[in-house]
Amino acid sequence: MRKITILLLALILGGMLIPTGFAIDSNVVITYGETTYSNSNYKSFVDNFFINQANVDINNVGIKTISADQVNQISSGITGKYYTSGQILSSALVDLNDNQNLKVSVDKSKITTITGDMYLSALKSAGITKGHVYVTSPVQATGESALAGIMNSYEEVTDVQIPDSVKEAANDEIYTQAEIVNNSGVNADDLSNLVNQVKDEVTGDNITNHNEIVNIITNKVENNNINITNVDIENLANSIEQVQNVQGDVNYYKDQVSDVFGNSTADGMLDGFFNWINSIIGANS
């Protein structure tokens, strides 16, 4: 009888601990471009993409907006480009429930310049290795401004700030590749593959010397038969060098989020609770 009473108590308390259908999923955040969020038709389009692709209840997730001012804080120091409040269209959903390996799904019908592999490479440069990211826009957009929102979402779901130096390096990588695609007409996937090859070699050999990075890029350009200018090569080298120079900050960030990516607070709490129940039952059996 006493054991039954304890089990009933466990069920009652356990029910109190398990989130209801009205709880916000703290592992999922949508970041809307402010232009999209302020236009009901635009927002509806973006919401439908996230519902269909990510299979989430958007009424139970975190929501943030990314403003032109926030994007300009990053872009102005990299390209000198300034956006108005009517130009921030790209929106992103970050889902840390799917946290085995970093994945990026891009709406190719709307995001015209930045590819999934480009986002993937830039996020890894920032030390982000887990989660599933979805990117779209209600109308065609380059997708350059989306990275600021994506990193903003990661800060929200992990409650860990990404160092400014890391944000700048990752965004510089995106903006540099977008500029090369737009100016040289090179295929975005080919360029992304080239950048990944260069980064693998530079990172693997811990190369920080600018001229060495330029030589590696030049060799990869020739081997992959990609037509970009010497100015493009120089800009790409500067971008990759910047990523190399912030590795200390990247590693610090990785350490800060390692527990978040590796463990679930709710799962840990429930495990502890049921271990406690088992100890009571064992003591009274």
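**Reading burial, cores and contacts**

Mentor: Let's start with one residue: Lys220 is buried, with a relative accessible area of 19%. Keep in mind that we are looking at a predicted model.

Trainee: Why does Lys220 count as buried at 19%?

Mentor: The cut-off for buried is under 20% relative accessible area, so a value of 19% qualifies. Lys220 also has a charged partner: a salt bridge joins it to Glu201, with 3.3 Å between the closest N and O atoms. Because Glu201 sits in helix H8 (residues 188-204) and Lys220 in helix H9 (residues 210-223), the pair ties together parts that are 19 residues apart in sequence. Glu201 is partly exposed, at 30% relative accessible area.

Trainee: What is the general idea behind such pairs, and how many salt bridges does the structure hold?

Mentor: Side chains of opposite charge can pair when their charged atoms come close. The structure holds five salt bridges. Another one joins Glu155 and Lys167, at 3.0 Å from N to O. Glu155 belongs to helix H6 and Lys167 to helix H7, so this pair ties together parts twelve residues apart in sequence. Both Glu155 and Lys167 are buried.

Trainee: Which residue forms a salt bridge with Glu156?

Mentor: That is Lys64, with the closest N and O atoms 3.6 Å apart. This pair links distant parts of the chain: Glu156 is in helix H6 and Lys64 in strand E2 (residues 61-66), 92 residues apart. Glu156 is partly exposed, with a relative accessible area of 43%, and Lys64 is partly exposed as well, at 26%.

Trainee: H6 keeps coming up. How should I read a helix like that, and is it mostly covered or uncovered?

Mentor: An α-helix has 3.6 residues a turn, so residues three or four places apart point the same way. H6 is mostly covered, with twelve of its 13 residues buried. Among the buried ones are Leu147, Ile150, Met151, Tyr154 and Val157. There is a length check too: at 1.5 Å a residue, the 13 residues of H6 (residues 146-158) should span 18 Å, and this agrees with the 18 Å between its end C-alpha atoms. After H6 comes Asp159, whose phi is positive, near 60 degrees.

Trainee: Now the nonpolar side. Which residues of the largest nonpolar core touch the most other members?

Mentor: In soluble globular proteins, nonpolar side chains tend to be buried together. Here the largest nonpolar core has 57 residues, and Tyr119, Leu123, Val133, Val135, Ile150, Tyr154 and Ile217 touch the most other members. Helix H7 (residues 164-184) gives the most to this core, with seven residues. A second, separate core has twelve residues, including Phe49, Phe50, Val56 and Ile58.

Trainee: How many aromatic pairs does a search of the whole structure find?

Mentor: A pair of aromatic rings is described by the distance of the centres and the angle of the planes. The search finds two aromatic pairs. Tyr32 and Tyr37 form a tilted one, at 5.4 Å centre to centre and 45 degrees between the planes. Tyr32 is buried, at 1% relative accessibility, whereas Tyr37 is partly exposed, at 39%. The rings of Phe49 and Phe50 have centres 5.9 Å apart and planes at 65 degrees, so that pair is edge-to-face.

Trainee: Are Phe49 and Phe50 buried or exposed?

Mentor: Both are buried, and both belong to the second core we just met.

How values were computed: Residues numbered from 1 in each chain as written. Predicted model: local features only at pLDDT ≥ 70, side-chain atom pairs only at ≥ 80, totals over all residues. Heavy atoms only, no water. Core = buried A, V, L, I, M, F, W, Y, C linked by side-chain atoms within 4.5 Å. Buried < 20%, exposed > 50% of the residue type's maximum accessible area, 1.4 Å probe, protein only. Helix = DSSP H or I, 4+ residues; strand = E, 2+ residues; numbered from the N terminus. Phe/Tyr/Trp six-rings, centres within 6.5 Å; stacked < 30°, edge-to-face > 60°. Expected span 1.5 Å × (residues − 1). Salt bridge = Lys/Arg side-chain N within 4 Å of Asp/Glu carboxyl O.
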